[in-house]
Amino acid sequence: MKTICTAKSLQYSKLGSSFSEETAVAMSNVGKIYKLYSRPLYRVAEALLTKTCKHKKFYALNDVSFSVDRGQTVGIIGKNGSGKSTLLQVVCGILQPTAGEVVVNGRISALLELGAGFNPEFTGRENVYLNGSILGVGRNEMDECFQDITDFADIGDFIDQPVKTYSSGMYVRLAFAVAINVKPDILIVDEALSVGDTAFQAKCFAKFKEFQENGVTILFVTHSMDLITRYCSNAILLEQGRIVKSGPAKEVVDEYNRMMANCSESVNTPISEITENGFYENEAPKNKISPEIINKNVLQSKKNPLAISLTTHMHESELAYQLNQNENRYGNGKAEIIEVGIDSLSDKARYSFVHGESYRFRFKTLFHCSLDNPITAFTIKDAKGFDLTGTNTLFKDIEIGKVRKDDVVLTQFEQRMMLNPGGYLLSFGCAGFEDGEYVVYDRRYDVITFDVISDSSSVGFFDLDSKITISRVEG
Amino acid sequence: MLNSLFNFFKIAYRQRSLILVMAKREITAQYVGSLLGFSWTFIHPLVLIFVFWFVFSVGFKVKPTNDVPFVVWLTAGMAPWFLFTNILTTSVGSVVGHANLIKKTVFSSEILPIVSISSSVVTHLVFLVLLFFLLIFQGIGFSLYDLQFLYYLFCLCVLTLGIGLIIASLNVFLRDIGQIVGVVVQVGFWATPIFWDIQIMPPKVQMLLKLNPMFYIVQGYRDSFIYQTGFWERPYLTCYFWIVTLFVLVIGVTIFQRLKPQFADVL
């Protein structure tokens, strides 16, 4: 079963043949333009009379090209409104592309929204059959897989209760069970899995694995980078309807994390206006926030003599960690983190990070104006960008108290290195509350990278330093 | 043109099981959760026919029209009109009402007006069963001509399919269509000789009234159940009806298929 859908159906067979049989889903130069008319009548007139009416254009997808081979699992990521769902809808044939060509090879089972096509008044059983009919599965075929569906959904007697009485977890379980048990060639899942509990998610991903082995192609949208890196071979990163990056999942996720970190600057953080004289105490009005100002801020701090001395200090240190050139830095500039470092507190491991030894993370904060009780913090992320651990003075009930302009505060965090071997990123931050609102003064994300080594192996990110006791018990 | 018509019926045929399932669901959805369930399909028309009988036979003692008790004559004409209204009012909202399916699943929206027709026809058949009892009760009895209603029912389905496709697709973009259909149905009831006999009009007006395709069907139902007249005995009207109906159907299919790609964009 091969479905080809083109913006101009004239091009149909000619282009369709350019994709190999191994291709499950492919798009070439696909665009989806939403025409925004000032009056609804214009849309009808244009569709019926082939006459162009005045409209504005919105590009939901723009020049999107990719191809997914049979059996691949591809994650689609991007910010809200970047076109992920539109992309899936175009693949499904729900939306017609305005330009380009879509090739789909095989039966699609799509889970675009929780229980789309479920009627809340009907029982689970009735809805399963109806859903099957919509997916093009006959009653007999449905009878065969009904047992599998109920087993997978595991909702017990609720199968004969109206769907409106279901919890959202039961809802998604049933919907998902139907979608995967109708033997699709291509499975499309949009953000639905996040509703199920951990046990169900594990079950779903076990099924994913099974699908992958059986050569089923999977496309799925999620905001969980963890799922992408764990289950997808490849990923596609969308931004404003365009593919920013596609390729091996991990690389794309890195790009996404970078993008998200950059975007949070302009959205969440008020940045003070910077003049040559230094920092104004007052926050700049929101509309003045722009990337230029942020760059200037970073630039300024790089020129800062203290910052230079900091780098020198790093070179003197013999503990093996690197200052990250690509740190993400933002803040309103009321304080400045000027000197960062890690010291080894153990004689055994003076030059490297050895699992189980003690280390001190430290940084100095220079304040550019008087502040009331600022908070200093650190966070450790793994190489994929997941927050693993961290703490701050607020959590630990430590009061820095009032600080004045030009005060320098040194914060030191001492702890045993319980992280398992691997590469990690350390971030420092200084923030506070002003009029009840959380304000970031300076935040240096991923400022330090370091590698932990160990001579024993363990599982996961952390070692809980478990004490194991074994005793033989008489039967 | 003919190609798109052919395509349309091909899709409808391929989706026939889904049409049945959805029609069944539409019928049960009306009564789901109610104690009497499907019995309501009987109760509504039963009460209506009883009221007609009580008002026109017992109360007003209306004179028989053409030697047929008025209540029988009225009910026979009313039956196809109810079906017509029912199909139009469900069709007009069918695409909008299934926005979830259209936007979130791979779904051929063409079948929606057919689903509306299928589910309405079931209710209609129940109504006709009651009409039969009324015929027997009023001493008119059964003849082979009664079965001719199937032909007129088919006529009605084709006509309403064409109209249904037009209004269902336009209503997605212009919600006024729903209101317009409501008004037209109201006016149409009185403009079609259902409550009154066309013979009371001057011949010129009669000609005009016969242009209404619903007149052909209302008259056809009465021909089948009461007058025992075959549709072949009305060749001109039959020809006229089919020309109009097929024209409407082709227009309907064309409009629907032109607008369909935009449904998901607008809903």
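Are W81(B) and F189(B) buried or exposed? In this predicted model, both W81(B) and F189(B) turn out to be buried. The two side chains also form an aromatic pair, with 6.3 Å from centre to centre and 55 degrees between the planes, which makes the pair tilted. As for where the partners come from, W81(B) sits in helix α4 of chain B (residues 70-92) and F189(B) in helix α9 of chain B (residues 176-191), so this contact ties together parts that are 108 residues apart in sequence.

Zooming out, a search of the whole structure turns up 49 aromatic pairs over all chains. Take F38(B) and F42(B): their ring centres are 6.3 Å apart and their planes stand at 80 degrees, so this pair counts as edge-to-face, given that anything over 60 degrees gets that label. Neither partner is hidden from the probe altogether. F38(B) is partly exposed, at a relative accessible area of 40%, and F42(B) is likewise partly exposed, at 35%.

Over in chain A, aromatic residues also gather into a cluster. Its members include Y321(A), F353(A), Y359(A), F361(A) and F363(A), and F378(A), F413(A), Y424(A), F428(A) and F450(A) belong to that one cluster too.

Then there are the charges sitting over rings. In chain A, R139(A) lies over the face of Y129(A), 4.3 Å from the ring centre. Chain B has a case as well: R222(B) is placed over the face of W73(B), at 3.5 Å from the ring centre.

Conventions. Residues numbered from 1 in each chain as written. Chains lettered and ligands numbered in written order. Predicted model: local features only at pLDDT ≥ 70, side-chain atom pairs only at ≥ 80, totals over all residues. Heavy atoms only, no water. Phe/Tyr/Trp six-rings, centres within 6.5 Å; stacked < 30°, edge-to-face > 60°. Buried < 20%, exposed > 50% of the residue type's maximum accessible area, 1.4 Å probe, protein only. Helix = DSSP H or I, 4+ residues; strand = E, 2+ residues; numbered from the N terminus. Lys NZ or Arg CZ within 6 Å of the ring centre and 35° of its normal.
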